Amino acid sequence: MRRIGIPARDLRILDPALSYPSTILGREQAIVVNLEHVKAIITATEMLILNSKDPSVATFVSNLECKLSNFDASQSPAIKGSGMAIEDSPSDSKPEASNSSPKVSFNALKMDGQKVLPFEFRVLEICLQFVCGCLESETSTLEQEAYPALDELSVSIGSLNLQRVRLIKNRLVALFGRVQKVRDELQYLLDDDMDMAEMYLTDKLDSRQFEDRVLEDERENDVLDDYSDEDMRSNQSSSANLTRRKPKIEELEMLLEAYFVQVEGTLNKLSTIREYVDNTEDYLNIILDDKQNRLLQFGVIMSIGFIILNIAIVITGVLGMNIGIHLFNSGVPQQFNATTAGLVGGSFICFLIAMIWIKKKGLLG
């Protein structure tokens, strides 16, 4: 906090024990970055990375070293301790010896005839590029696994396929939320010009150095007359006011817009996968509803058959009672056979009549 001049509440978003969404904070002397597993503090001259030897951060550190070393091939940063610091020093100065903060020299003015972004923007771009690349890679992997699993589930509805799709959907929901947070943070920054202006650390550092030189010159010229002194202070005040103007944010805005478009594309891919999952679920629900309707129809047919069968059983029970009926005493088996055939035939005819009536009423498909 003394070194960078940021409040303690800004350091809380870097605490691994606390769950904070993706955040990029612009402060007076630093930019606090919390993007996925990349947790760092960027100043105009250095970058402090939390847990640089963690396996999830080691790839980012290697990528950071490789890209920053392109500006000065003679030196490359090294990692020391649990954190890592990369400093940006003028090209004509000598690297200072340090046990914890390796140095890299950069030329922040011109490279191949083109203006080079300030150190804080170069590092911020590497962070955004790494995070967006990781999210896009995870999206591509999920995309390759999701579509075949959903197609297979559409063909065969089994417990294994359902379990597989459930796990894919859980990953999809989690990844969608992470990408959405990064996208919302970039959109929030693009909508707020003052927050983007706060991230011009190099310009603010130059302004502070200019004001310090103006104050020194003012002390040296105290012997001037009142008129000259008043005129000089007026000019100095005008110069100081010029340095306090809001810096142009076109460079940072173009940088954030590029990665906002990339994150938006990743989010669209995830939205497409989610729509495919929803369509597959709707298709499965239609299939299950159709099977359920068929079972209900079969149940209705069986119920009608049982009703008619029960009527035949009642008639048989009536005829089987111990009452004086000529049929029981005649001893002619033909009458028994005729009665049985009549009950069966009558039941079948009643069943057909019931089915035809139900069909006409449209109660069955």
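**A surface patch, two cores and a set of salt bridges**

F298, M302, F306, L309 and I313 together make up a nonpolar patch on the surface, with about 500 Å² of accessible area. Such patches are built from residues with over 30% relative accessible area and no salt bridge, where nonpolar side chains (Val, Leu, Ile, Met, Phe, Trp, Tyr) are joined within 5 Å and like charges within 9 Å. Accessible areas follow the Shrake-Rupley method with a 1.4 Å probe, and for residues only the protein chains shown count as cover. The model is predicted, so local features need pLDDT of at least 70 and side-chain atom pairs count only at pLDDT 80 or more, while totals for chains, interfaces and linings use all residues. Residues are numbered from 1 along each chain as its sequence is written, and side-chain values use heavy atoms, leaving out hydrogens and water.

M302 of the patch is found in helix α8; helices (H or I, at least four residues) and strands (E, at least two) are DSSP runs numbered from the N terminus. With a relative accessible area of 35%, M302 is partly exposed, a class between buried (under 20%) and exposed (over 50%), judged with a 1.4 Å probe and protein chains only. An unreviewed UniProt entry lists residues 295–319 and 339–358 under "transmembrane region"; the positions are given in the numbering used here, feature names are shortened, and annotations may be inferred rather than shown by experiment. In the model, residues 295–319 are 100% helix and 0% strand, with end C-alpha atoms 36 Å apart. Residues 339–358 are likewise 100% helix and 0% strand, and there the end C-alpha atoms lie 28 Å apart.

Turning to the interior, the largest nonpolar core has 58 residues, of which I24, M47, F60, L186 and L252 touch the most other members. A core of this kind is a set of buried Ala, Val, Leu, Ile, Met, Phe, Trp, Tyr and Cys residues joined through side-chain atoms within 4.5 Å. Elements that each supply at least two residues include β2 (31–35), α2 (55–68), α4 (159–191) and α8 (250–319). Helix α3 gives the largest share, 16 residues. Among the contacts of I24 (heavy atoms within 4.5 Å), not counting residues up to four places away in sequence, are I31, V32, L124, L186 and M199. Apart from this core lies another, of 9 residues, including I4, L14, L25 and L48.

What about charged side chains? Side chains of opposite charge can pair when their charged atoms come close. The whole structure holds 11 salt bridges, each defined by a side-chain nitrogen of Lys or Arg within 4 Å of a carboxyl oxygen of Asp or Glu. In one of them, E281 pairs with K169, the closest N and O atoms being 2.7 Å apart. This pair links distant parts of the chain, with E281 in helix α8 and K169 in helix α4, 112 residues apart. E281 is partly exposed at 30% relative accessibility, and K169 is partly exposed with a relative accessible area of 30%.

E264 and R183 also meet in a salt bridge, at 2.6 Å from N to O. Because E264 lies in helix α8 and R183 in helix α4, the pair ties together parts 81 residues apart in sequence. E264 is partly exposed at 23%, whereas R183 is buried at 16%. Within helix α8, R294 and D290 sit 4 residues apart, about one turn of the helix, and form a salt bridge at 3.1 Å between the closest N and O atoms. Finally, E36, E138 and R178 are linked in a network of salt bridges.
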